[in-house]
Structure formats: C-alpha cells, structure tokens
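This report describes charged contacts and a nonpolar region at the surface of one protein model. The sequence and structure are shown first, followed by the findings under short headings.

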Amino acid sequence: MSTTAAPVGRPDQAGTGATRRWPAAIWTLMAGTFLVRGLGFTYPFLPYHLNELHLTTRTVSAILAVFGAGWLLGSILCGWLADRIGHRTTLITAMLLAGAVLPLLAQAHAVPALFAATFTSGIVYDASRPVFTAAIADTFPEDGIRASVNAWRHFAVNVGAAVAGTAGGVLAGPLGIPALIGINAAACALFALLVWRFLPAADHQHHHTGEARRNNYRAALGDKDLWLLL
C-alpha cells in the first residue's frame, strides 16, 4: 500500500476527487491494530485455558476479573504515558512487555503466577487503542477526517476480533490454547518492530506544560456531555 503524500498538501487534507493519503505512521498503527486483534487469542480463549488447568469456578472468575481490571488500568496508563513519553516509546514498551508476559501466562499453573501474569496481560492487551487514538487526534486537526480515520480503526478492531474468534476456534484443537497465546505474543512483538521501524522517533504530539495538562483535565472533568457519554 502507498504511504506517499498526496499532492493536495498536508496528509490530513482530502482534495476534491482525490484519494486521501495517510502518513506511514497511521498506516502502521492501523495495520498493527488489526494484527494484534486478529491474532489476539488471549482474551477470547483465556477462560478455556483456565478451565483446562482444572481450577475452580470461583478461581477462574477471579482471574478473569483481574484481567478486566488490568485492561481498565492499561487504557488509562497507556494514554497517560503516550502524552508524556511519546506514542512510539509507549507502544514499543507495551508490545514488548506483552511479548514477554503472554508466554508466561500460557505456561503458568500456580494460581499466584496466573493472577500476576493475567493482570499484566490485561494492562498491555489493548495498549494500542489509546495510543492510536492520541496519534489520530494529533495528526488530523479536522474533525471530519479524524472521525473517518477513527471509524476505520474501529473497523480494524472489529474485523480483527472476528478473525481471532474464527481462526482460534479452528486452531485451538490441533495446536492447543497455549500455542495460540504464544502466537498472540509473537504478533505483539512484531507490532513493536513495526512501530520501531515506521513511527518517527519524535512524535508529532502536543507537548503541554504541567499547568496546561491540569487545565485540560479540569475542563474534561467538568464536561457534562463527556460524563454522560462515559
């Protein structure tokens, strides 16, 4: 696919009758999002994996709840880090951590190890979403184009989830669920490599002062429409 700039000026502009071109960084994040969600077997098949370990229903439920808690924390943490240390650094760190911790989750049998690995996996499982959202906001100032790119991001996530469910259901029998989790880890490591190769070292994000950040948070927390949406 082409990542060259269109002759209409900025990459966030859509010329009349011309195909809009996205920057290479946005294509990389879009492809990587589809990759880690399409091969994201950990979340949909984690209950089956825990069941194969002959754990009690209460223990399985608690471990799944810990995964959800990690997922929630990861969304907040990765968004916070993306604003402070950069999109590239945050995403590479999260994906490399996923590539390391998911195999541990696949091989863990002791309950404490399962809790720790599951919580960490939850933190990094959806790390690309807040980083990608921030990158879209920083790259495309126009609301219409920003909404269009976000729609394609949602499309990549949803199609990827369908692929993961279908492919995982076919492969779980012959390969085993630990192998599927290992494939998920490899996909995350590959995403980190893509980000390292194609995202610029200096992110094009807005670097706010501490006071500006505090003002932004106060404005967000005081927005009734945002609370209603939440």
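## Basis of the report

The structure is a predicted model. The sections below treat its salt bridges and then its nonpolar surface patch.

## Salt bridges

The model contains four salt bridges. One of them joins the side chains of Asp83 and Arg84, with an N to O distance of 3.4 Å. Asp83 has a relative accessible area of 21% and is partly exposed. Arg84 is likewise classed as partly exposed, at 28% relative accessibility.

Another salt bridge lies within helix 7, which spans residues 143-175. Here Arg146 pairs with Asp143, and the closest N and O atoms are 3.8 Å apart. The two residues are three positions apart in the helix, which means that about one helical turn separates them. Arg146 is partly exposed, at 24% relative accessibility, whereas Asp143 is exposed, with a relative accessible area of 60%.

## A salt-bridge network

Salt bridges link Arg37, Asp126 and Arg129 into a network. Within this network, the side chains of Arg129 and Asp126 meet at 2.8 Å, N to O.

The partners in the Arg129 and Asp126 contact fall into separate accessibility classes. Asp126 is buried, because its relative accessibility of 8% lies under the 20% cut-off. Arg129 has a relative accessibility of 35% and counts as partly exposed.

## Nonpolar surface patch

Phe34, Trp152, Phe155, Val159 and Val163 make up a nonpolar surface patch of about 450 Å². Which element gives the most to the nonpolar patch? The answer is helix 7, with four residues. This is also the helix that holds the salt-bridge partners Arg146 and Asp143.

Phe34, another member of the patch, is found in helix 1, which covers residues 24-38. Phe34 is partly exposed, at 37% relative accessibility. This value meets one requirement for patch membership, because residues in a patch must have over 30% relative accessible area.

## Summary

The predicted model holds four salt bridges, including the contact between Asp83 and Arg84 and the contact between Arg146 and Asp143. Arg37, Asp126 and Arg129 belong to a network of such contacts. The nonpolar patch has an area of about 450 Å²; helix 7 supplies four of its residues, and Phe34 comes from helix 1.

Conventions:
Residues numbered from 1 in each chain as written. Predicted model: local features only at pLDDT ≥ 70, side-chain atom pairs only at ≥ 80, totals over all residues. Heavy atoms only, no water. Buried < 20%, exposed > 50% of the residue type's maximum accessible area, 1.4 Å probe, protein only. Patch = residues over 30% accessible without salt bridge, like charges linked within 9 Å, V, L, I, M, F, W, Y side chains within 5 Å. Areas by Shrake-Rupley, 256 points an atom, 1.4 Å probe, with all protein chains shown as cover.
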